[in-house]
Protein chains: 2
Amino acid sequence: MTTPSRWQDLDRLIHEPARLMIVTLLYAVEEADFLYLLHETGLTKGNLSTHLSKLEEAGYVRITKTFRGKIPRTLVALTPEGRQAFETYRQRLSRLIHPPAEGET
Amino acid sequence: MTTPSRWQDLDRLIHEPARLMIVTLLYAVEEADFLYLLHETGLTKGNLSTHLSKLEEAGYVRITKTFRGKIPRTLVALTPEGRQAFETYRQRLSRLIHPPAEGET
DNA sequence: ACATACTAGTTTGTATTACAGACTTGTTTG
DNA sequence: CAAACAAGTCTGTAATACAAACTAGTATGT
């Protein structure tokens with residue numbers, strides 16, 4: 001096998017540490033607003049915004065823009081797909097870094 | 001805390017999937033030659049060589065050039081540091097993707 | 001009324017870097 | 001002498017993370 005099937009590609013979108021933080025946070029809290037993510041991750045606004053856009057394009061998060069009075073409020077939540085993708089990512093990674101046994105085929 | 005301590009930076013050197021493959025392999029087998037890694041990872045020679053050099057610069061692997069007859073043979077092994085770094089990486093990642101509980105400190 | 005600050009972004013520029021492919025050197029084999 | 005293999009180095013490209021600047025609308029302070 002020139003392309004060993006056991007190295008299924010990790011989802012690069014989630015693998016990136018900044019987005020891994022975001023997804024992990026969202027997985028835990030289910031819903032978060034922009035400022036919460038901003039403070040929790042320590043990213044800059046622009047950077048956070050870009051990462052959220054990428055996650056949204058991939059269908060991993062849904063971004064809902066609401067208003068608190070007239071002040072914009074951006075809510076972010078994992079979609080079922082995003083949730084699934086994270087779980088898959090987590091499984092593969094676990095299998096990768098916790099090898100089941102040695103000397104397999 | 002503007003920079004939450006729980007997001008200790010993952011070791012980018014190990015985090016990169018290609019190198020994660022390499023390090024994982026080395027962690028399992030303890031010693032491997034260039035061709036073995038080449039076939040197992042499916043990387044190109046140049047790419048594998050570059051990644052190995054980076055791991056060597058970081059002190060994570062030791063590269064020993066031997067000869068089988070007159071044919072060069074390159075052996076690669078994790079150093080204790082590399083072993084340690086991988087374990088640390090693994091721990092942090094585990095803690096990241098398997099959150100212990102909610103309602104943290 | 002005007003300046004400042006905040007929310008939530010978009011755009012721009014830079015610097016890194018992974019990756020493939022070409023090229024190199026030395027050796028063995030036909 | 002040609003071809004193929006081992007183990008690289010070098011080069012060029014394309015992607016991309018990141019910070020900082022800028023935008024736009026609202027609220028507040030004086």
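1. Of the DNA strand C atoms within 4 Å of the protein, 83% are sugar or phosphate atoms and the rest belong to bases. This is a predicted model: local features need pLDDT of at least 70, side-chain atom pairs count only at pLDDT 80 or more, and totals for chains, interfaces and linings use all residues. Residues are numbered from 1 along each chain as its sequence is written, chains are lettered from A and ligands numbered from 1 in the order in which they are written, and side-chain values use heavy atoms, with hydrogens and water left out.

2. Which residues come nearest to DNA strand C? They are Lys65(A), Pro72(A), Arg73(A), Thr74(A) and Lys54(B), out of 20 residues around the strand. A residue counts as near if one of its heavy atoms lies within 4 Å of the strand. By class, this surface has five nonpolar, seven polar and eight charged residues. Ala, Val, Leu, Ile, Met, Phe, Trp, Tyr, Cys and Pro are the nonpolar class; Asp, Glu, Lys and Arg are charged; the others, Gly among them, are polar.

3. Both chains contribute elements to the surface near DNA strand C. Chain A brings α3 (34–41), α4 and β3 (71–78), while chain B brings α2 (17–29) and α4. Each of these supplies at least two residues. Helices (H or I, at least four residues) and strands (E, at least two) are DSSP runs, numbered from the N terminus.

4. Side chains from both chains reach phosphate oxygens of DNA strand C. An N or O atom in the side chain of Thr74(A) is 2.4 Å from one. For Lys54(B) the distance is 2.8 Å. For Arg19(B) it is 3.2 Å. The cut-off for such a polar contact is a pair of N or O atoms within 3.5 Å; within protein, one must be able to donate a hydrogen and the other to accept it, and residues adjacent in sequence count only if both atoms are side-chain atoms.

5. Now DNA strand D. Its atoms within 4 Å of the protein are 85% sugar or phosphate, the rest being from bases. There are 20 residues around the strand, and Lys54(A), Lys65(B), Pro72(B), Arg73(B) and Thr74(B) come nearest. The surface near DNA strand D has five nonpolar, seven polar and eight charged residues. Elements that each supply at least two of its residues are α2 (17–29) and α4 (45–57) of chain A, with α3 (34–41), α4 (45–57) and β3 (71–78) of chain B.

6. Chain A side chains also reach phosphate oxygens of DNA strand D. Lys54(A) places an N or O atom of its side chain 2.9 Å from one. For Arg19(A) the distance is 3.1 Å. For His51(A) it is 3.1 Å.

7. Chain A has an open sheet of three strands, ordered β1-β3-β2, with antiparallel pairing. β1 (32–33) and β2 of chain A stand at the edges with a single partner strand each, so one side of each has no neighbour in the sheet. Strands count as paired if DSSP finds at least two bridges between them. β1(A) and β3(A) pair over two bridges, with Ala32(A) partnered by Val76(A).

8. β2 (residues 61–68) of chain A pairs with β3(A) over eight bridges, in the antiparallel sense. Thr64(A) has Leu75(A) as its bridge partner, and Phe67(A) has Pro72(A). Arg68(A) stands opposite Ile71(A). The two strands form a hairpin with two residues between them. In the turn, Gly69(A) has a positive phi of about 70°.

9. How do helices sit on the sheets? α2(A) lies across β1, β2 and β3 of chain A and runs at about 85° to β3(A). Axes are lines fitted to C-alpha atoms, for helices over the stretch in contact, and angles run from 0 to 180 degrees between N-to-C directions. α4(B) lies across β2 and β3 of chain B, at about 125° to β2(B).

10. Chain B also has an open three-stranded sheet, ordered β1-β3-β2 and antiparallel. Its edge strands, β1 (32–33) and β2 (61–68), each pair on one side only. β1(B) and β3(B) share two bridges; Ala32(B) is partnered by Val76(B).

11. The chain contact takes 27 residues from chain B and 28 from chain A. Contact means heavy atoms within 4.5 Å. Trp7(B), His15(B) and Ile97(B) supply 24% of the area that chain B buries against chain A, more than any other three residues. Together the chains bury about 2,300 Å², 64% of it on carbon and sulfur atoms. Buried area is the accessible area (1.4 Å probe) lost when two parts are put together, summed over both.
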